[in-house]
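User: I should like a close look at one part of the structure shown below. Please give the answer as one connected account.

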Amino acid sequence: MPTAARPRILVVDDRDDTLFAMESALAPLGYPIVRAQTGDDALKTVLRGGIGLVLLDVLMPDVGGFEVAHYMTRLEQTQDIPIMLITGAGQDTKLAARAFELGVADYVVKPIEPWMMRTKVRYLYETSLRMNALRERLRTYENGDAKESAPPAHAAASRPLSRPA
């Protein structure tokens, strides 16, 4: 898939140093990254389309990460975009429970080891790409064009969709 056509990863944090650190940690993956410093800008960016994953700070002035996640999970246009909520507030089981009740893909406490961030992002991003490809194949099949776009049977079996135990 050409780089220009790949969905971008949206990194959202109100602090420049944190955005820089996350972008630097993710750079070795080679995925296209875009940034936002407010919840409002994050929402505008996802609504424009082309986002495959959102890394979202929980504590931001005005519109925080929970509000952005809540909005995204309720809109048909954005509900399938995986969200990784990131907090500097320390371990808090109530916040974590609230995050997962919203349907986020992951909830992470800062500081995050760069290798761990890359591992989680790679998994969520690649899974999102596979799910979107499957949705597109299903749409094509439902429209009666199944013969033209059906992949060989072994192609689907070679990439598991289930999360490792």
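How many aromatic pairs does the count come to? Please then examine the open sheet closely: in what order do its strands run?

Analyst: The count comes to 1 aromatic pair, where rings of Phe, Tyr and Trp (its six-membered ring) pair if their centres lie within 6.5 Å, planes under 30 degrees apart being stacked, over 60 edge-to-face and the rest tilted. This is a predicted model, in which local features need pLDDT of at least 70 and side-chain atom pairs count only at pLDDT 80 or more, while totals for chains, interfaces and linings use all residues. Residues are numbered from 1 along each chain as its sequence is written, and side-chain values use heavy atoms, with hydrogens and water left out.

The chain holds 7 helices and 5 strands; helices (H or I, at least four residues) and strands (E, at least two) are DSSP runs numbered from the N terminus. From that terminus the elements follow the pattern β-α-β-α-β-α-β-α-β-α-α-α.

The 5 strands form an open sheet in the order 2-1-3-4-5, with parallel pairing; two strands pair if DSSP finds at least two bridges between them. At the edges stand strand 2 (33–36) and strand 5 (106–109), each of which pairs on one side only. From one strand to the next, the twist averages 20°; axes are lines fitted to C-alpha atoms, for helices over the stretch in contact, and angles run from 0 to 180 degrees between N-to-C directions. In general, strands of a sheet pair through backbone hydrogen bonds, either parallel or antiparallel.

Strand 1 (residues 8–12) pairs with strand 3 (residues 51–57) in the parallel sense over 5 bridges. Arginine 8 has isoleucine 51 of strand 3 as its bridge partner, and isoleucine 9 is partnered by leucine 53 of strand 3. Two helices pack on the sheet here. Helix 1 (residues 16–26) touches strand 1, strand 2, strand 3 and strand 4 (83–87), and its direction makes about 165° with that of strand 2; contact means heavy atoms within 4.5 Å. Helix 2 (residues 39–48) touches strand 1, strand 2 and strand 3, and its direction makes about 170° with that of strand 1.

Strand 1 also pairs with strand 2, in the parallel sense over 4 bridges, and leucine 10 stands opposite valine 34 in strand 2. Of the 5 residues of strand 1, 4 are buried, so strand 1 is largely enclosed by the rest of the structure. Buried means under 20% relative accessible area, exposed over 50%, and partly exposed in between (1.4 Å probe, protein chains only). In the chain of 165 residues, buried residues make up 38%.

The largest nonpolar core has 24 residues, and those with the most contacts inside it are Leu10, Val12, Val54, Leu56, Met72, Ile83 and Leu85. A nonpolar core is a set of buried Ala, Val, Leu, Ile, Met, Phe, Trp, Tyr and Cys residues joined through side-chain atoms within 4.5 Å. Strand 1, helix 2, strand 3, helix 3 (65–74), strand 4 and helix 4 (93–102) each supply at least two residues of this core. Apart from this core lies another, of 17 residues, among them Leu19, Leu29, Val108 and Tyr125. Beyond its neighbours within four places in sequence, leucine 56 is in contact with Val12, Gly65, Val68, Ala69, Ile83, Met84, Leu85 and Ile86.

At the strand 5 edge, valine 108 lies in strand 5 and counts as buried because its relative accessibility is 5%. Leaving aside neighbours within four places in sequence, valine 108 is in contact with Met84, Leu85, Ile86, Thr87 and Lys120. The C-alpha atoms of valine 108 and glutamine 91, 17 residues apart in sequence, are 9.0 Å apart in space. After this strand, a cis peptide bond with omega of about -5° joins lysine 110 and proline 111; proline 111 lies in the loop between strand 5 and helix 5 (114–142).

Two further loops complete this view. Aspartate 62, in the loop between strand 3 and helix 3, has a positive phi near 65° although it is not glycine, and counts as exposed because its relative accessibility is 79%. Alanine 89, in the loop between strand 4 and helix 4, is partly exposed, with a relative accessible area of 42%. Alanine 89 touches Leu59 and Leu95, not counting residues up to four places away in sequence.
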